[in-house]
Amino acid sequence: MKKFFWAVFLILVFLCSAGLIGYSWLVFQISRGVAATRHGELETAAGFFELAETPFRTVSIAVTDSQRRLRKADLCSGQCPVCQGEPEVIFDRFEEAVRSSPTIKDQGDFSFWMGNLLFRRAVASQDGEEALGYLKSALAEYQRGLAVAPEDWDLKYNYEVIRQISPKKSKTVNGREKK
């Protein structure tokens with residue numbers, strides 16, 4: 001009986017050690033990605049973040065969990081190209097994320113970033129009607145995010161900013177415009 005407990009103890013020590021080594025490898029990859037992002041090496045950073053994400057893609061339970069929420073690596077790699085004027089690439093990534101996990105649209109983070117991208121499109125648009133459409137879409141995206149995450153101050157702020165700059169609908173009374 002004593003040999004049995006000793007064997008179980010050694011197996012547990014081995015499993016814990018292997019787990020800690022794996023965890024340290026994961027943290028190391030993430031820290032390398034963060035350092036590369038700070039130095040402006042976005043492609044290198046994306047590679048490190050993808051390496052850190054690889055073990056979670058191989059475990060079916062972790063894949064489902066990671067697909068339900070936006071990951072920091074996705075947001076980080078998504079935020080920078082938008083600032084560099086590449087919103088189409090990010091829209092494609094967001095559409096791909098929605099195709100692979102439709103429930104991602106029901107999260108406040110997704111609505112925040114999608115609203116930001118729509119606003120960026122509105123600002124970049126040369127056509128007034130098109131810009132107005134993007135502003136309305138951004139406003140709707142922020143509203144959807146607030147329905148899911150009403151405590152998110154970033155969403156609230158962006159919603160209020162877009163609401164203030166969007167043209168107000170004028171009411172008509174007896175065929176006359178009233179403001």
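This text goes through a predicted model of one chain, from its overall layout to a few helices and single residues.

The chain has 179 residues, and 31% of them count as buried. Its elements are 8 helices and 2 strands. Along the sequence they follow the pattern α-α-α-α-α-α-α-α-β-β, with the helices written before the strands. Among contacts with a separation of 6 or more, 50% join residues that are 24 or more positions apart.

Before going into detail, consider the confidence of the prediction. The average pLDDT of the chain is 77, and 75% of the residues reach at least 70. Which elements lie at the two ends of the scale? Helix H3, residues 60–68, has the lowest mean pLDDT, 43, while H7 has the highest, 91. Over residues 60–83 the value stays under 50. The model does have 37 contacts beyond four places in sequence for this stretch. Where pLDDT is low, however, the predicted coordinates should not be read in detail.

The rest of the text deals with H6, H7 and H8. Take H7 and H8 to begin with. Helix H7 covers residues 128–148 and helix H8 covers residues 153–165; their axes lie 9 Å apart and make an angle of about 150 degrees. An angle over 145 degrees counts as roughly antiparallel, so H7 is roughly antiparallel to H8. The crossing of H7 past H8 is left-handed. On the H7 side, the residues that meet H8 are Leu-135, Leu-139, Tyr-142, Gln-143, Gly-145 and Leu-146. On the H8 side they are Leu-155, Lys-156, Asn-158, Tyr-159, Ile-162, Arg-163 and Ile-165. Sorted by class, this contact holds 8 nonpolar, 3 polar and 2 charged residues.

H8 also packs against H6, which spans residues 108–124. The axes of H6 and H8 come within 10 Å and cross at roughly 30 degrees. Angles under 35 degrees count as roughly parallel, and H6 and H8 are therefore roughly parallel to each other. H6, too, passes H8 in a left-handed crossing. H6 contributes Gly-108, Ser-111, Phe-112, Asn-116 and Phe-119 to the contact, and H8 contributes Asp-154, Leu-155, Asn-158, Ile-162 and Ile-165. These residues divide into 5 nonpolar, 4 polar and 1 charged.

Some single residues show how these helices come together. Is Ser-111, in helix H6, buried or exposed? Its relative accessibility is 1%, so Ser-111 counts as buried. Leaving out residues up to four places away in sequence, Ser-111 touches Lys-105, Glu-141, Tyr-142, Arg-144, Gly-145 and Leu-155. The C-alpha atoms of Ser-111 and Leu-155 are 8.1 Å apart, although the two residues are 44 residues apart in sequence.

Asp-154 belongs to helix H8. Because its relative accessibility is 49%, Asp-154 counts as partly exposed. Between the C-alpha atoms of Asp-154 and Asp-109 the distance is 9.6 Å, with 45 residues separating them along the chain.

Finally, Ser-125 sits in the loop between H6 and H7. Ser-125 counts as buried because its relative accessibility is 15%, and the limit for buried is under 20%. Apart from its neighbours within four places in sequence, Ser-125 is in contact with Glu-130 and Ala-131.

Note on methods. Residues are numbered from 1 along each chain as its sequence is written. This is a predicted model: local features need pLDDT of at least 70, side-chain atom pairs count only at pLDDT 80 or more; totals for chains, interfaces and linings use all residues. Side-chain values use heavy atoms; hydrogens and water are left out. Axes are lines fitted to C-alpha atoms, for helices over the stretch in contact, and angles run from 0 to 180 degrees between N-to-C directions. Helices (H or I, at least four residues) and strands (E, at least two) are DSSP runs, numbered from the N terminus. Angles under 35 degrees count as roughly parallel, over 145 as roughly antiparallel, 65 to 115 as roughly perpendicular and the rest as oblique. A crossing is left-handed if the near helix is turned anticlockwise from the far one by less than a right angle, and right-handed if clockwise. Contact means heavy atoms within 4.5 Å. Ala, Val, Leu, Ile, Met, Phe, Trp, Tyr, Cys and Pro count as nonpolar, Asp, Glu, Lys and Arg as charged, and the others, Gly among them, as polar. pLDDT is the predictor's confidence in each residue, from 0 to 100. Buried means under 20% relative accessible area, exposed over 50%, partly exposed in between (1.4 Å probe, protein chains only).
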